[in-house]
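Biologist: Please take a close look at the aromatic rings for me, and then at the metal site. I'd like to know what sits where and how well covered each piece is.

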Amino acid sequence: MKTEQDLKEIYFPTPKLIEWENGVRQYSTVRGDTEVLMSYVPPHTNVEPHQHQEVQIGMVVSGELSMTVGDVTKKMTALESAYIAPPHVPHGARNETDQEVIAIDIKRNKADETYTSPEDYFLNIFKTRDLMPGMEVTFFVEDWIEIMLAKIPGNGGEMPFHKHRNEQIGICIGGGYDMTVEGCTVDMTFGTAYFCEPREDHGAINRSEKESQSINIFFPPRYNRSKTKKVKADES
Ligand SMILES: [Fe+2]
Ligand SMILES: [Fe+2]
């Protein structure tokens with residue numbers, strides 16, 4: 001039988017530190033087919049173009065990064081855009097500034113998913129709204145993925161327990177909150193990642209005074225669709 005510690009390691013894996021020769025540090029957490037990387041890129045440092053079998057999605061959490069996917073280069077500022085590098089599409093990044101950049105990257109390779117991207121590989125904000133009173137959420141959407149930036153207000157702000165058929169992964173990027181997955185509770189702080197498989201129940205509460213912020217990812221999209229589904233002629 002699995003102990004509580006074993007379960008925590010599944011839902012909230014302990015990050016492994018990867019240190020690169022160019023000074024980039026990455027904290028890696030993995031569950032199943034998905035790896036979450038939190039990367040610290042020193043000033044004036046390049047991440048050389050490379051490609052791999054996994055799709056890679058990323059977002060800047062702080063600082064500014066010059067990101068190249070295929071032959072498209074864009075400046076990415078914190079939480080305003082995301083990129084998708086589909087399988088085998090080369091990608092690389094340059095921190096041209098005097099400040100360290102913190103970025104989140106997610107690598108995934110699941111047999112039954114098709115990793116589409118916009119023609120220029122970059123996603124802009126799809127929509128911002130209140131998911132619940134006081135809980136502002138911002139969405140980035142592509143056919144197979146939805147990214148939701150969420151703020152949980154302090155002093156007891158809550159995401160009530162629920163479950164759904166979508167896989168859900170998230171990372172705390174500001175403040176802190178208690179996250180519970182299948183009965184295991186962890187005090188989320190900057191960089192903590194959680195992983196929920198379909199139908200695993202989860203919820204969060206922010207007991208601190210400060211608002212918290214997280215990046216949450218759904219496979220497939222839960223709240224939004226990137227394109228309206230075509231209705232077949234024989235359907236009423
Ligand atoms: Fe990569
Ligand atoms: Fe959820």
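**Rings first, then the metal**

Modeller: Phe218 is a good place to start: with a relative accessible area of 1%, this residue is buried (that's under 20%, with exposed over 50% and partly exposed in between, using a 1.4 Å probe and protein chains only). Bear in mind that this is a predicted model, where local features need pLDDT of at least 70, side-chain atom pairs count only at pLDDT 80 or more, and totals for chains, interfaces and linings use all residues. Residues are numbered from 1 along each chain as its sequence is written, chains are lettered from A and ligands numbered from 1 in written order, and side-chain values use heavy atoms, leaving out hydrogens and water.

Now the rings. A pair of aromatic rings is described by the distance of the centres and the angle of the planes. Rings of Phe, Tyr and Trp (its six-membered ring) pair if their centres lie within 6.5 Å, and count as stacked with planes under 30 degrees apart, edge-to-face over 60 and tilted for the rest. By that count, the structure holds five aromatic pairs. In one of them, the ring centres of Tyr115 and Trp144 are 4.7 Å apart with the planes at 75°, so this pair is edge-to-face. Tyr115 sits in the loop between strands E10 (101-108) and E11 (122-124), Trp144 in the loop between E13 (135-142) and E14 (145-152), so the pair ties together parts 29 residues apart in sequence. (Strands, E, are DSSP runs of at least two residues, numbered from the N terminus.) Tyr115 and Trp144 are both buried. Back to Phe218, which forms an edge-to-face pair with Tyr223, 5.8 Å centre to centre with 85° between the planes. Tyr223 is partly exposed, at 29% relative accessibility. There's a cluster as well: Tyr115, Trp144 and Phe219 form one aromatic cluster.

On to the metal. The iron ion (ligand 1) has as protein donors His50 (NE2), His52 (NE2), Gln56 (OE1) and His91 (NE2), 2.1 to 2.2 Å away. Donors are N, O and S atoms within 2.8 Å of the metal (3.2 Å for Na, K and Ca), and sites may look incomplete with water not among the atoms. The spacing of these donor residues in sequence reads H-x1-H-x3-Q-x34-H. The four donor atoms subtend angles of 87 to 161° around the iron ion, which makes the arrangement irregular. Gln56 is buried at 8% relative accessibility, while His50 is partly exposed at 32%.

Methods
Four donors count as tetrahedral if all angles lie between 85 and 135 degrees; four count as square planar and six as octahedral if opposite donors are over 155 degrees apart and all others between 65 and 115; anything else is irregular. Helices (H or I, at least four residues) and strands (E, at least two) are DSSP runs, numbered from the N terminus.
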